[in-house]
Amino acid sequence: MILVTGGAGFIGANFVLDWLAQSDEAVVNLDKLTYAGNLETLASLENNPKHIFVQGDIGDSALVDRLLAEHRPRALLNFAAESHVDRSIHGPEDFVQTNVLGTFRLLESVRGYWSSLPEEQKTAFRLLHVSTDEVYGSLSSSDPAFTEENKYEPNSPYSASKAASDHLVRAWHHTYGLPVLTTNCSNNYGPFHFPEKLIPLMIVNALAGKPLPVYGDGMQVRDWLYVKDHCSAIRRVLEAGKLGETYNVGGWNEKPNIEIVHTVCALLDELRPRADGRSYKEQIAYVTDRPGHDRRYAIDARKLERELGWKPAETFDSGIRKTVEWYLDNAAWVHNVQSGAYRDWVKKQYEAA
């Protein structure tokens with residue numbers, strides 16, 4: 001039995017789906033079901049006795065304590081987080097509440113549970129904390145990619161809150177001996193991505209005939225990681241990672257945002273052409289850059305490859321084609337996730353820009 005927090009979000013849900021497709025080990029899935037938590041993503045598990053869903057907050061210590069005592073997991077994987085930079089700029093308090101205080105309360109619950117385990121189970125237990133490359137700050141075009149030795153220089157309320165959570169996890173290991181592992185990933189993309197993030201937003205807006213909003217000059221560079229590759233890396237770190245260590249997970253795909261948008265448009269031109277025969281690129285609209293927008297992130301994932309033998313299975317070309325095809329094949333999921341709150345958010349963020 002493992003316990004997954006945030007398992008109805010984008011990365012967490014993909015992890016749960018992949019885990020149960022490859023393992024007979026059951027999953028207790030705790031998710032608060034905020035705007036980005038979507039049970040429809042997990043619809044295929046509805047009658048699966050190996051998937052136990054619980055709606056709740058990682059900051060609810062009584063609930064987490066009860067779940068740990070009742071299910072006695074051998075590991076806890078923490079995906080639960082507020083994760084959208086733009087939302088953190090408009091409302092940072094939610095990010096501090098979930099990412100900092102929530103992580104603190106989760107750590108305390110896990111510490112109490114772990115301390116009470118018999119020695120053999122105590123030795124085997126793991127807490128894996130999923131984090132982001134954004135804690136490292138921004139890179140210039142000539143800087144080497146982030147390694148695990150880079151100092152933390154977060155530039156947004158989101159990345160600052162995730163940096164704080166990483167520090168708490170590290171401290172609970174060094175102070176209390178809690179057996180932790182941390183992963184810091186680059187930008188994920190793939191199936192079930194909430195349509196406010198760059199790639200799904202471009203797909204959804206393009207098909208709807210709406211503008212494709214690109215911040216600033218569109219030359220912000222990110223490393224792109226197919227979500228299922230991220231899931232396989234997490235499984236490998238859980239299996240064989242060294243206690244207390246951090247592992248960077250990246251796709252070796254550094255690309256500027258505008259190139260991503262052009263690639264999506266070209267795939268849509270091929271797979272779902274516009275009725276008028278023109279390119280979706282004509283819908284691109286440059287909007288005012290967001291405050292404190294980091295110029296470049298890049299992940300050096302050689303430690304994970306060297307020590308644990310992990311490499312991404314997808315190239316960007318193969319991963320982005322699978323992603324666009326998934327959105328074209330799953331229009332009902334896209335329609336259902338576009339709640340009123342989502343539409344209000346996109347209007348606030350981009351039409352005011």
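Here is a quick tour of how the parts of this structure pack together. Keep in mind that you're looking at a predicted model. Two nonpolar cores come up below, one of 64 residues and another of 25 residues. There are also 17 aromatic pairs to hunt for, while a search for disulfides comes back with zero.

**The nonpolar cores**

- A bit of background helps here: in soluble globular proteins, nonpolar side chains tend to be buried together.
- The largest nonpolar core in this model is made of 64 residues, and Phe-15 and Leu-77 have the most contacts inside it.
- Which helix gives this core its largest share? That's helix 1 (residues 10–22), which supplies eight residues.
- Zoom in on Phe-15 and, leaving aside residues up to four places away in sequence, you'll find it touching Ile-2, Val-4, Leu-77, Phe-79, Cys-231, Ile-234 and Arg-235.
- Another core lies apart from that one; it has 25 residues, including Leu-3, Leu-107, Val-110 and Val-180.

**Helix 2 and its two sides**

- Helix 2 covers residues 61–71, and its buried residues are Leu-63, Val-64, Leu-67, Leu-68 and His-71.
- Look down the axis of helix 2 and those buried residues fall within an arc of 130 degrees, so they line one face of the helix.
- The general idea behind this is that an α-helix has 3.6 residues a turn, so residues three or four places apart point the same way.
- On the other side of helix 2, you'll see Ala-62 and Ala-69, and both are exposed.
- What covers the buried residues of helix 2? The cover includes strand 1 (2–5), strand 2 (27–31), strand 3 (51–55), strand 4 (75–78) and helix 4 (92–115).
- Just after helix 2 comes Arg-72, with a positive phi of about 50 degrees.

**Aromatic rings**

- To describe a pair of aromatic rings, you give the distance of the centres and the angle of the planes.
- The structure has 17 such pairs in total. One of them joins Phe-146 and Tyr-297: their ring centres are 6.5 Å apart, the planes are at 40 degrees, and the pair counts as tilted.
- Phe-146 sits in the loop between strand 5 (126–132) and helix 6 (157–176), while Tyr-297 sits in the loop between strand 12 (284–287) and helix 10 (302–308), so this pair ties together parts that are 151 residues apart in sequence.
- Are these two rings' residues buried or exposed? Phe-146 is buried, at a relative accessible area of 1%, and Tyr-297 is buried too, at 2%.
- Now try Trp-326 and Tyr-327, an edge-to-face pair with 4.9 Å from centre to centre and 80 degrees between the planes. Both Trp-326 and Tyr-327 are buried.
- Ring pairs also link up into a cluster made of Tyr-136, Phe-146, Tyr-152 and Tyr-297.

**Charges over rings**

- Arg-111 places its charged end over the ring of Tyr-176, 3.8 Å from the ring's centre.
- Lys-122 does this with Trp-114: its charged end sits over that ring, 4.7 Å from the centre.

**Cysteines**

- A disulfide is a covalent bond between the sulfur atoms of two cysteines.
- How many disulfides turn up in the whole structure? The search finds zero.
- Take Cys-231, which is in no disulfide: the nearest cysteine sulfur belongs to Cys-185 and is 10 Å away.
- Cys-231 is buried, with 0% relative accessibility, and Cys-265 is buried as well, with 1%.

**Loop spots worth a look**

- Leu-33 isn't a glycine, yet its phi is positive, at about 60 degrees. You'll find Leu-33 in the loop between strand 2 and strand 3, and it counts as partly exposed at 24% relative accessibility.
- Trp-252 is another non-glycine with a positive phi, about 55 degrees. Its home is the loop between strand 10 (246–249) and strand 11 (254–256), and at 44% relative accessibility Trp-252 is partly exposed.
- Asp-24 belongs to the loop between helix 1 and strand 2, and at 68% relative accessibility it counts as exposed.
- Asp-24 and Lys-50 are 26 residues apart in sequence, and their C-alpha atoms are 7.5 Å apart in space.

Terms used:
Residues are numbered from 1 along each chain as its sequence is written. This is a predicted model: local features need pLDDT of at least 70, side-chain atom pairs count only at pLDDT 80 or more; totals for chains, interfaces and linings use all residues. Side-chain values use heavy atoms; hydrogens and water are left out. Rings of Phe, Tyr and Trp (its six-membered ring) pair if their centres lie within 6.5 Å; planes under 30 degrees apart count as stacked, over 60 as edge-to-face and the rest as tilted. Helices (H or I, at least four residues) and strands (E, at least two) are DSSP runs, numbered from the N terminus. Buried means under 20% relative accessible area, exposed over 50%, partly exposed in between (1.4 Å probe, protein chains only). A charge sits over a ring if NZ of Lys or CZ of Arg is within 6 Å of the ring centre and within 35 degrees of the ring normal. The arc is that of the directions from the helix axis to the C-beta atoms. Contact means heavy atoms within 4.5 Å. A disulfide is a pair of cysteine sulfur atoms within 2.5 Å. A nonpolar core is a set of buried Ala, Val, Leu, Ile, Met, Phe, Trp, Tyr and Cys residues joined through side-chain atoms within 4.5 Å.
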